[in-house]
Amino acid sequence: MNLTVHAIVPTRDADAMKLIHLFQVLCWHCICLTSAFAGSPLDSSISSSDWLPTALNQISVERMLADISVLSGPTLAGRQTGSLEDERSAAFVTHRFSELRLHRAPATPRQSLTNPLPQQEWKQTHSVPTRKIGQDVLLELVHPQERRSLVTGTQFLPVLDSPSADVSGPIVFVGYGIADPSRGVDDYAGVDVRNKIVLFLRGKPDRYAAAVAQADKERVAKEKGAIAYLLATGPILTAYEQRRGVTGAPSAFYSTTPSTTQLPGAWISTETAEWILEQGTTGPTTLHAVQEELNRTGLSEPVVTEVTAQMRWTSSVETGTLYNVMSIIRGHTVHSDETVLVGAHRDHFGRQAGLLFSGADDNASGTAVLLEIARVLSLAPAAPQRSVLFVSFSGEEQGLLGSRLYVTQPIVPLLNTIAMINVDHAGTGNGRLTVGVSGLEKSTAERIGQLTGLSDKLDVFGFFPGGDHVPFKEIGVPTVTVVSGGAHPHFHQAGDTVDTINPDILQAVARYVLALTWQLANDTPHSRVPH
């Protein structure tokens, strides 16, 4: 079969990027023409159903665990987007693609199946800010009767794109931190937060219909005169949060707030937020009762507390380069211009606040599945009818930067992309698979469960919020998101290490993704379901 590795080479010239993109498009059309007119007796010698059982048995859990170990190891130091370590992880993925060494020309009875094609080198890159929180961080809570120095990682964590902090001020609780009087919600009503530190809950009340992002809350806090903010997960979880196993622990994340409206901020544990709220100047109250009232009525009663917070850390930012790495198996029929895209993000958070975020489950596991699917498909005696494009994205944790870059510079025309399969945190959980589908019939996902013997472990939903499939869904490409179900106890925390990966779960995800990819690449074309 024809498998071409697209490797990474550095460039800093914008015009060169445009020329490379034009080259990519031209190459793709050449690939399509070559595939359409290069016939082979093997084209009809194998059916998708005949080979799939063999392929499923070729999946190597040991190989995937080895890849996860490398990707989440100390040498790659958490693969923060734009860092030298992420560039090294991109080179690792490129090398793994190149190791397949199965660049096959179209075959005839007199042609060798191992005739190598030359490797074509190009890359998809983007300049990105790389912000790091220094090792020395402090968040101390002072009450007239008590002083608490919070522990980094378990009790608090600076927001990773927060500016440097050296502030001190009284804490005021402002509900969900939303100020939208036109919709009947104003969590700042009747309280002055100038020169104070605001504490608000993640998410929004059930009765508030509009979308609200962390950046919106940060902007409002700054407009109201706050000097910093704290955020926490409330004790009452949404159905989605319960299904995903959200805990009260602080997690690493980027607020993606524009620099003009940024404030120093930290995520604190639910337990810490509960203690702060109990120190209200008008008497103790419980966070659970306050959140329950917010969700029921949408009305907020700010709580001025007797707690002062001292926040101190150093934040630095440099300009780095994001790398998307790609490889393609070219289809062998007239449908070769149609493509199934299989993607997984490679990046994580790097070293922050004195902690190493290894990112074994998120998302070295998904990357390992991607590499293993590419390996197994490269062993097939014939290519699938449609092409399969593998994309290792970076920048997912910083606002889906890599996948958004791809949809603006697609290697395969988006109208020819029949589906995007996204694999994310695929190595821990309760043993079930969560599959989110948009633009395709759910029965397609359910049928794959039957083919792989995973029907009793499969939970199929509609659109899955969050992840590199989102930009594809937004422009009308059907998407299937595959994640391991249940709680991921180390999600976005320093404890996400290779020893937490469950081999059985990893194998189940790989089997499902392989079967789904093979079937979509060979099935009769399906009509897209309206989004």
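Confidence, sheet and helix packing in a predicted model

In this predicted model, pLDDT stays under 50 over residues 2-46, a stretch for which 102 contacts beyond four places in sequence are present. A second stretch, residues 102-122, also has pLDDT under 50 throughout, and the model gives 53 contacts beyond four places in sequence for it. For the chain, the mean pLDDT is 86, and 85% of the residues reach 70 or more.

The strands include an open sheet of eight, arranged in the order β5-β4-β13-β7-β10-β11-β12-β6 with mixed pairing. Its edges are formed by β5 (146-149) and β6 (156-158), each of which pairs on one side only. From one strand to the next, the twist averages 25 degrees. Helix α5 (residues 214-223) packs on this sheet, where α5 touches β10 (197-201) and β11 (228-232). The direction of α5 makes about 150 degrees with that of β10.

Both edges of the sheet can be described through their pairing. At one edge, β5 pairs with strand β4 (residues 138-143) in the antiparallel sense, over four bridges. One of the residues involved is E140, whose bridge partner in β5 is S149. Two residues lie between β4 and β5, and the two strands form a hairpin. At the other edge, β6 is joined by three bridges to strand β12 (residues 265-268), and these two strands run antiparallel. Here L157 has W267 in β12 as its bridge partner.

Two packed helices are described by the angle between their axes and by the distance between the axes. For helix α3 (residues 61-71) and helix α13 (residues 503-522), the axes come within 10 Å and cross at roughly 105 degrees. Angles of 65 to 115 degrees count as roughly perpendicular, and α3 and α13 are therefore roughly perpendicular to each other. On the α3 side, the contact is made by V61, M64, L65 and I68, which meet P503, L506, Q507 and A510 in α13. By class, the residues of this contact of α3 with α13 are seven nonpolar, one polar and no charged.

Some features of the backbone also stand out by their geometry. Most residues other than glycine have a negative phi, and most peptide bonds are trans. A353, although not a glycine, has a positive phi of about 50 degrees. This residue, A353, is found in the loop between β16 (350-352) and β17 (355-357). The relative accessible area of A353 is 5%; a residue under 20% counts as buried, so A353 is buried.

A positive phi, of about 60 degrees, is also found at L400, which is not a glycine either. L400 is placed in the loop between β18 (387-393) and α10 (401-408). With a relative accessible area of 11%, L400 is buried.

The peptide bond from D362 to N363 is cis, and its omega is near 0 degrees. N363 has its place in helix α9 (residues 360-378).

Notes: Residues numbered from 1 in each chain as written. Predicted model: local features only at pLDDT ≥ 70, side-chain atom pairs only at ≥ 80, totals over all residues. Heavy atoms only, no water. Axes fitted to C-alpha atoms, helices over the stretch in contact; angles between N-to-C directions. Parallel < 35°, antiparallel > 145°, perpendicular 65-115°, else oblique. Contact = heavy atoms within 4.5 Å. Nonpolar A, V, L, I, M, F, W, Y, C, P; charged D, E, K, R; others polar. Buried < 20%, exposed > 50% of the residue type's maximum accessible area, 1.4 Å probe, protein only. Pairing = 2+ DSSP bridges. pLDDT = per-residue confidence, 0-100.
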